[in-house]
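Subject: The structure we talked about

Hi,

Here is the structure I promised to pass on to you. Please open it alongside this message and have a look while you read.

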Amino acid sequence: MESVTSVLGGPGSYPISAVIIAQDDEVRISKAIQSCRLFADEVVVIDGGSKDGTVQLAESLNCRVYVNPWPGYAKQREFGVERAVHDWVFLIDTDEVVSEELARDILERKPALTDRAVAYSLYRIGDFLGRWLDKGEYLVRLYNRKEYSIRDSLVHEIPEVAEDKTVRLNGTLWHQGFRSINDHVARFNKYTDLEAQTAYASGKPFKLRNLLLRPPARFVQKYFVHGLFKKGISGFAVSVFWVMYEFMVGFKHYELNSSGKLAQHNAKGQGQTGKENNKGERSYAVQ
């Protein structure tokens, strides 16, 4: 499915295509699209098969819309980049909003986008339980597709650009990622699956010391080093969730590394169900 609106860049400037991957997010996508209008010469939306009004809303906002069954983050992002009209691409998600300062900085840089080997990173800040977190991260989001491609990874799909080839943009990308605790836990479960699968597929060995050290180290980093103790219950919650994240990645990595032994154990134990309970032993597994 495709709508047919595209605006070419003006004389003396290098046009930019904003590319958004979407899935059932009609509540947020409008702000993401509108925040790109100042600098984007077209907005391309790649929908993974939304059941809500995401597609119709994007079309009503004069975006070029394609529906592509979800193939994974990196492949979906690259699918969108390939369908952009322009070689300079700006990546944004449905729950992100470009600040006015950032939009104006990109607009002012358009006439000077002569070196396609240079990519541009921006500062992204997230929210949690109704509060913005001070500590963000720099991410490459504006680049030339003739020079770079999306890293083929299960999670954290980004353009593969060396740091010495990046220039930092002014302004902020606001990441309105928090919806609810239930949603946050569900997404953590999905992302930790992908993190563990990536580690396993790369042949990275499971190390017990990482499982013991990384979770508390992450808490110290987030709560004290990054100053989340200043954010009250929101900051404490984020820090605890990062501890959970590290534990889940570690245990899932262990599970994948032990999958052969686990399968043998399960097959062997099918005929022995209940024997241990007959001894009066207590099960400590989560019910």
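Below is what I found in it, going from the strands to the salt bridges and then to the surface.

Please keep in mind that this is a predicted model.

Let me start with a pair of strands. Strand β2 (residues 42-47) and strand β3 (residues 64-67) run parallel, and four bridges join them. One of the pairings puts D47 opposite V67 in β3. Between the two strands the chain passes through helix α2 (residues 54-60), which makes a right-handed β-α-β crossover.

Just ahead of β2 there is a residue you may like to look at. D41 sits in the loop between α1 (29-35) and β2. Is D41 buried or exposed? D41 counts as buried, because its relative accessibility is 9%, and the cut-off for buried is under 20%. The side chain of D41 has two contacts to look up in the viewer. At 2.8 Å, it reaches the backbone nitrogen of I16. The side chain of D41 also makes a polar contact with the side chain of K110, again listed at 2.8 Å.

Now to the salt bridges. The search over the whole structure gives 16 of them, and I picked out three.

The first on my list pairs R124 with E96, with 2.8 Å between the closest N and O atoms. R124 belongs to strand β6 (residues 119-128) and E96 to strand β5 (residues 96-98), so this pair ties together parts that lie 28 residues apart in sequence. Both R124 and E96 are buried.

Next comes a pair within one helix. E100 and R104 meet through their side chains in a salt bridge, at 3.3 Å from N to O. Both are in helix α4 (residues 100-109), and because they are four residues apart, about one helical turn separates them. E100 counts as exposed, at 56% relative accessibility, whereas R104 is partly exposed, with a relative accessible area of 41%.

The remaining pick links two helices. K252 and D193 form a salt bridge through their side chains, at 2.8 Å from N to O. K252 lies in helix α7 and D193 in helix α5, so the parts tied together here are 59 residues apart in sequence. K252 is buried, with a relative accessible area of 14%, and D193 counts as partly exposed at 32% relative accessibility. There is also a network: E96, R124, E137 and R141 are joined into one by salt bridges that share partners.

Helices α5 and α7 come up again on the surface. Which residues form the nonpolar patch there? They are L129, I181, V185, I233, F236, V240 and M244, which together have about 550 Å² of accessible area. Both α5 (181-201) and α7 (232-257) supply at least two residues of this patch. The largest share comes from α7, with four residues. M244 is found in helix α7 and counts as partly exposed, at 33% relative accessibility.

If you want a route through the viewer, I would begin at D41 in its loop between α1 and β2, go on to the buried R124 and E96, and finish at the nonpolar patch on the surface.

Happy to hear what you think once you have had a look.

Best wishes

Technical notes. Residues numbered from 1 in each chain as written. Predicted model: local features only at pLDDT ≥ 70, side-chain atom pairs only at ≥ 80, totals over all residues. Heavy atoms only, no water. Patch = residues over 30% accessible without salt bridge, like charges linked within 9 Å, V, L, I, M, F, W, Y side chains within 5 Å. Areas by Shrake-Rupley, 256 points an atom, 1.4 Å probe, with all protein chains shown as cover. Salt bridge = Lys/Arg side-chain N within 4 Å of Asp/Glu carboxyl O. Buried < 20%, exposed > 50% of the residue type's maximum accessible area, 1.4 Å probe, protein only. Pairing = 2+ DSSP bridges. Right-handed = clockwise from strand over helix to strand, strands pointing away. Polar contact = N/O pair within 3.5 Å; in protein donor to acceptor, adjacent residues only side chain to side chain.
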